[in-house]
Amino acid sequence: MPNGKLLVLDGLDGSGKSTQFELLAKRLEAEQIGFQRLRFPQYEEPSSALIRMYLGGAFGDDPEAVNAYAASTFYAVDRYASYQCVWKDYYQGGGLVVSDRYTTSNAVHQGSKVPEGERAEFFHWLYDLEYDRMGLPRPDLVVLLDMPVELSEQLMRKREQSTGTHADIHERDEDYLKKCRDVALHAAAYYGWRTVSCAKDGAIRGVEDIHEEVYAIVKSCLED
Ligand code: ADP
């Protein structure tokens, strides 16, 4: 039995990723396409303990306090646990897996800590670690939602108001978010991700409009 497919939706915080992920899941259900959904990090699971310590500031309030390689391993371990305990059989049996974030988030969030000249080396190391060494599945498709930081900050404030949550150490730092956006676009070019621009003429595109573009890309991957 050939492996299934792994599709990943990623984007910086405030890119509208959760909204788009929900719409994509609903659309696949409506089209009667069976799939298993995943979401990383798995904050409720013990495998995310180091991530929770890191984001909560246990190793320092500045995200730079933990280097890109160390922080990446926290997230990689969480994905390893999920693969082994949750979706390995389904995926190896030919199932479709759709994930809200994956290794791709490490590239974006941790890659910004690495000097530009060393970033390609980091990107190479990251995929090698998770896919070649740890044996996690390589995505068949990565869709990156790209949103200018000024607009993503508006969405984050909106989410804080509606959920009563507060920004974590990454989300609070605007310069860091700007750098992350540049790195995200660099990673997309390096790895060959599909980028969907969520803004047009300086304004955020409508939720449905973005969804249609995302779904068209997903559909063509499923038909491959
Ligand atoms: P993320 O998961 O990327 O942090 P969310 O999907 O949680 O972002 O969106 C943050 C807030 O912005 C939510 O209140 C959501 O309803 C709203 N939102 C998401 N996408 C759009 C959009 N295209 N236009 C307007 N509001 C949006």
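Here are three short exercises, with worked solutions, on a predicted model.

**Exercise 1. The ligand site**

Work out which residues surround the ligand, which are closest, and how much of the ligand the protein buries.

*Solution.*
Step 1: Start with the shell. Counting residues with a heavy atom within 4 Å, you get 15 around the ligand, and the closest are Gly 16, Lys 17, Ser 18, Thr 19 and Arg 159.
Step 2: Ask where the shell comes from. Helices α1 (17-30), α6 (149-163) and α8 (207-223) each chip in at least two residues.
Step 3: Sort the shell by class. It splits into five nonpolar, five polar and five charged residues.
Step 4: Now look for polar backbone atoms beside the ligand. One at Gly 16 sits 2.9 Å from a ligand oxygen, and one at Lys 17 is 2.8 Å from a ligand oxygen. Over at Arg 205, a polar backbone atom lies 2.9 Å from a ligand nitrogen.
Step 5: Finish with the area. On its own the ligand exposes 560 Å², and the protein buries 81% of that.

**Exercise 2. Two helices that pack**

Describe how α5 and α7 pack, giving the angle, the axis distance, the handedness and the residues in contact.

*Solution.*
Step 1: A helix pair is described by the angle between the axes and the distance between them.
Step 2: For α5 (residues 119-133) and α7 (residues 174-191), the angle is about 65° and the axes are 11 Å apart.
Step 3: Check the hand: the α5 and α7 crossing is right-handed.
Step 4: List who touches. From α5 come Arg 119, Ala 120, Phe 123, His 124, Leu 126 and Tyr 127, while α7 brings Val 183, His 186, Ala 187, Tyr 190 and Tyr 191.
Step 5: Sort that contact by class, and you find eight nonpolar, two polar and one charged residues.

**Exercise 3. Backbone oddities**

Inspect the backbone at Pro 41 and at Gln 32, and place each residue in its loop.

*Solution.*
Step 1: Read omega from Phe 40 to Pro 41. The value is near -5°, and the peptide bond is cis.
Step 2: Place Pro 41 in the loop between β2 (36-39) and α2 (49-55).
Step 3: Turn to Gln 32, a non-glycine residue with a positive phi, near 55°.
Step 4: Place Gln 32 in the loop linking α1 and β2.

Conventions
Residues are numbered from 1 along each chain as its sequence is written. This is a predicted model: local features need pLDDT of at least 70, side-chain atom pairs count only at pLDDT 80 or more; totals for chains, interfaces and linings use all residues. Side-chain values use heavy atoms; hydrogens and water are left out. Axes are lines fitted to C-alpha atoms, for helices over the stretch in contact, and angles run from 0 to 180 degrees between N-to-C directions. Helices (H or I, at least four residues) and strands (E, at least two) are DSSP runs, numbered from the N terminus. A crossing is left-handed if the near helix is turned anticlockwise from the far one by less than a right angle, and right-handed if clockwise. Contact means heavy atoms within 4.5 Å. Ala, Val, Leu, Ile, Met, Phe, Trp, Tyr, Cys and Pro count as nonpolar, Asp, Glu, Lys and Arg as charged, and the others, Gly among them, as polar. A polar contact is a pair of N or O atoms within 3.5 Å; within protein, one must be able to donate a hydrogen and the other to accept it, and residues adjacent in sequence count only if both atoms are side-chain atoms. Accessible areas come from the Shrake-Rupley method with a 1.4 Å probe; for residues, only the protein chains shown count as cover.
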